[in-house]
Structures are given as structure tokens and as C-alpha cells.
Amino acid sequence: MPINFAREIEKKTFQHPCYNCIAHKYARMHIPVAPKCNVSCNFCNRKYDCVNESRPGVTSGILSPEEARDKFKIVKNKIKNLTVVGIAGPGDPLANFEETKKSIELIKEECPDITFCLSTNGLMLPAYAEELIKLGVTHVTITINAVDPEIDAQIYKYINYRGSTFVGPQAGKILLDNQLTGLRYLTEKGIVCKVNIVMIKGINDAHIPEIVKKVKECGAYMTNIMPLIPVKGSVFENRDTVDESELKSMRKKCEPYLKQMYHCRQCRADAIGSLNEDVSAQFRNYKKNVISIDKSEKIYKDDNKTGKVNRGYRFAVASSSGDYVDEHFGHVSQFYIYDVLDENIKFYEKRDVERYCNGQQECTGHDDRISGIIKCIEDCNGVLVLRIGFEPVIRLHEKGIKVFQMYSTIEEGIEKAVKLMSQVDKSSDS
Ligand code: CLF
Ligand code: SF4
């Protein structure tokens, strides 16, 4: 391994809050871009995030790679000590490799120095390990719950591997071979690997020291022994879990063989912040600021009793012609501004976006342009657009401007937006 690469990885590990317990001042951000999974763990209920790394019973919304990049930019801007971007579900990152890859590429373009980390069940590691290294992933967590296919057979209902489904010890053997092959490959190339082990009473608990010894032999940096939490709706929902003292004593027992993790928070697939302070809620609900008119059609059809709108609204409409809502927010060059008072829709004026940027020559950067567009419509209650990106949604939300995403005539669009606005106002009044 070249010395510079080794030094870079050492520095990244030093600033990684999961790999180094004294790195608690640094923050990590999970991007939930991986919904699918290729195995079926008996402790998993797929309604929730992957239990191999996350807190059971928690559900994270999915982001596209582009949304993940946009959200990263916002988070990075607000959390100065952010050092790590991790992919930990809600399914398996390697069962969603295209999304995983694209997300890493997009974020790397924004911030080449960030540490990329991911957590996988390991089934597809031999297929993707080399690509992960090329992408710049330096820290990988693999969940290995047994190093004996017979024990794995009690933990995994089935695996889906290269288009076929396997069960029992045969599934266990394929999974284990791939996990260990992938682990060895990565560690030989200098990638820092942590192994998660879910401790399941009566199934793998007595076997855990064997797992730890084996993964150490394959180059693992540390193990993270986690308690089984019997998730409702999973095969193991009625199994006993281990208590704190049993967990601690197993970690102590394994410590002579390999470094142990004691500070895991079993975080969500969209966790953000330091391990002691999760701030993901601050960044979670911005998507709710977008009302997609097509999807919400039912809401106002069912609500014909909404009644008279007796408050005034001002809307900005992203339109190329003045007839249809047909412009993407980021590409808009003009807004048609409409006022609505007592159900009367009245055209107010047309505004050129460029006038609101810091002069046309300066207004070339993406941020300048978004600021200019927002400044142009600051006095409006809502904006009607064909499409919009994640970043402007957040900034509009902060200014209290609702976003209505649609393709329709301007008049119909405004009528629908008014009805929705008045419903929102009524529900917040009551
Ligand atoms: Fe995320 Fe996991 Fe990377 Fe950390 S979490 S992918 S290694 S950046 Fe950390 Fe959270 Fe425990 Fe995971 S506290 S659940 S160990
Ligand atoms: Fe569930 Fe994670 Fe297991 Fe997949 S790897 S079945 S998401 S716990």
C-alpha cells in the first residue's frame, strides 16, 4: 500500500466517529439511497431500516443520488465538523449498487476529501470491492453473524444471489465465503473494515469469540457486537434479547483478540450529526414542503366543503409562456405573479429573475442563481413549478414559501394551490 494512501486512511480513521471513540466531536451523515436488500435476516422486518446497522423499528425516507448530493451540500454547509458520509440502508448498499455508486460520485465532486463509509451484509462484496476502492470508499462495515454455515442457516431465511434463491447451509456457505473473501480483499488493499455481529441468545452467542478470531485473521480492524432487538413482525420477534451486562461481558471476552466498539448508537439510515447528538430531524421534513398536485388530487376532490377562501395569497408561477406551469425552478427566467383574494385570481405582474440576481455578470454560480430566484419571489405564499431540486425546497421552506409541483394551466394550478393552502391554514388554525 503506498505510504501516502496509508497516511490518508490513518487520518480519516482518526476523524471517524464510529472507528475512533475519541473522535466524538466529528459528525457523520447517512444518505438513505439503498432501499432494496438481497438477503432475509430472521431479525429483520423490511418495513424498517436494516437492523444490521440501524435501530430497529425506524423508517427512513429514500433519496435519489441527486437528492442525496443536494442534501449533503446543505448539511455540509451547516455542520462544519462533518467528516464522514455513510451508506447504511435502509436496505443493503451493494444490492443498490448503481444508486450507491452515483451518490458517492456526485458527493465526491462537491467534496473530494470527505470520508466515504458503508455498511453491508457482504453478499456482493467480491463483486464490488474493487469498484468501491476505485470510488474512494475507505471504511467498510460487514455484518458477519456466524463463521459456520449451519449457524447462518438459523439466522438467514434465504439469500438472493445472482438471480437465484438459496436457503439453509447452502445459503450460509455462499454468504460466508463472500463475506470473508470481500473482507480479506479490502483489508489487503488497506481499506479499514469493521465487522458487526448481532448477538442472538441460543443461536450464535457462544460462537461469537470464534467469529472475532476469524475476522481478525482476515484483517478486520474491530468488531461491533450488537444486541438482538426482537423486531415486531420478524421471525425472531419473540426471542429473548441480551441485556447490557451480557453484552458488555461478551465484548470484554473478545477484547483480547480484537479492538471492540462500545459506543455504537445503532443509528438510522438517515442519521446526521455526532454520535451523541443526532440532528437528522432538522433536515428530514423538507420534502413535505412540496405538494405534488397530481398526487394530492384526492385531497381536494374529497373536500368540496372547503368553503370560501377569504384570505389573500400571492403566487409565483414558473412559466415560459404565461399560459402553463411548465418551467423547472432552477431554469426559470421569469415568474408570473398572481394575487388571489376572495377566490378572485388576478394577474399582478411579470418578474424577470435576472434582475434579482447580483447583476447578470455575477449571477453565474449555482448558489447566486438560487438566491436570486428566491429573492424574486420572497413576498409570495407559494410557488408553482413543473419540477424543483432539493436545495431550493429547503431554502423556500425556511422562508415559509410552499412549493406546488404540477403541469397544468396557470389558472387551474392556482385554483388547486389555493384550495390546498386554505386546507393547510384551516388545519393549523384548528
Ligand atoms: Fe455510518 Fe456505520 Fe459508517 Fe458509522 S454508523 S455506516 S460505520 S458512518 Fe456507527 Fe451508527 Fe453504530 Fe454504525 S454508531 S450504527 S457503527
Ligand atoms: Fe434486513 Fe439488513 Fe438483513 Fe437486509 S441485511 S434482511 S435490510 S437486516
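How many nonpolar, polar and charged residues make up the shell around ligand 1? I will come to that after a word on conventions. This is a predicted model, in which local features need pLDDT of at least 70 and side-chain atom pairs count only at pLDDT 80 or more, while totals for chains, interfaces and linings use all residues. Residues are numbered from 1 along each chain as its sequence is written, chains are lettered from A and ligands numbered from 1 in the order in which they are written, and side-chain values use heavy atoms, with hydrogens and water left out.

So, the ligands. The shell around ligand 1 has 8 nonpolar, 5 polar and 3 charged residues, where Ala, Val, Leu, Ile, Met, Phe, Trp, Tyr, Cys and Pro count as nonpolar, Asp, Glu, Lys and Arg as charged, and the others, Gly among them, as polar. Of these 16 residues, Cys18, His30, Glu53, Cys117 and Cys267 come nearest to the ligand; a residue is taken as near a molecule or strand if one of its heavy atoms lies within 4 Å of it. Around ligand 2 the shell has 8 nonpolar, 3 polar and 1 charged residues, and among them are Cys37, Cys41, Cys44, Cys50, Arg46, Pro90 and Asn121.

Pro90 leads us to the backbone, since a cis peptide bond joins Gly89 and Pro90, with omega of about 15°, and Pro90 itself is found in the loop between strand S3 and helix H3. Helices here are DSSP runs of H or I with at least four residues, strands are runs of E with at least two, and both are numbered from the N terminus. Gly89 and Pro90 are also among the residues that Pro32 touches, together with Ser60, Gly61, Ile62, Leu63, Ala269 and Asp270, not counting residues up to four places away in sequence; contact means heavy atoms within 4.5 Å. Pro32 lies in the loop between strand S1 (27-30) and strand S2 (39-41), and Pro32 is buried, with a relative accessible area of 1%. For such labels, buried means under 20% relative accessible area, exposed over 50%, and partly exposed in between, with a 1.4 Å probe and protein chains only. The C-alpha atoms of Pro32 and Gly61 are separated by 6.9 Å, although these two residues are 29 apart along the chain.

Let me turn to the sheet. How are its strands ordered? The sheet is open, with 8 strands in the order S9-S8-S5-S4-S3-S1-S10-S11, and its pairing is mixed; two strands pair if DSSP finds at least two bridges between them. Strand S9 (222-227) and strand S11 (277-278) stand at the edges with a single partner strand each, so one side of each is left without a neighbour in the sheet.

Inside that order, strand S5 (residues 137-143) and strand S8 (residues 192-199) run parallel and are joined by 5 bridges, one being the bridge between Val140 and Cys193 in S8. Helix H7 (residues 208-217) packs on the sheet by touching S8 and S9, and its direction makes about 170° with that of S8; axes are lines fitted to C-alpha atoms, for helices over the stretch in contact, and angles run from 0 to 180 degrees between N-to-C directions. S8 and S9 also run parallel, over 6 bridges, and S8, H7 and S9 make a right-handed β-α-β unit, which is to say that, with the strands pointing away from the viewer, the path from the first strand over the helix to the second runs clockwise. As for S8 itself, 8 of its 8 residues are buried, with Val192, Lys194, Asn196 and Val198 pointing one way and Cys193, Val195, Ile197 and Met199 the other.

Further along the chain, strand S17 (residues 382-385) pairs in the parallel sense with strand S18 (residues 402-405) over 4 bridges. The chain crosses from S17 to S18 through helix H11 (residues 390-398), and this β-α-β crossover is right-handed. Strand S13 (residues 313-318) is likewise joined to S17 in parallel, by 3 bridges.

Finally, two residues to check in the backbone torsions. Most residues other than glycine have a negative phi. Arg162, however, has a phi near 50° and lies in the loop between strand S6 (156-161) and strand S7 (164-166). Gln266 has a positive phi of about 40° and is found in the loop between helix H8 (244-254) and strand S10 (272-274). Which of these is buried and which exposed? Arg162 counts as exposed at 60% relative accessibility, whereas Gln266 is buried, with a relative accessible area of 14%.
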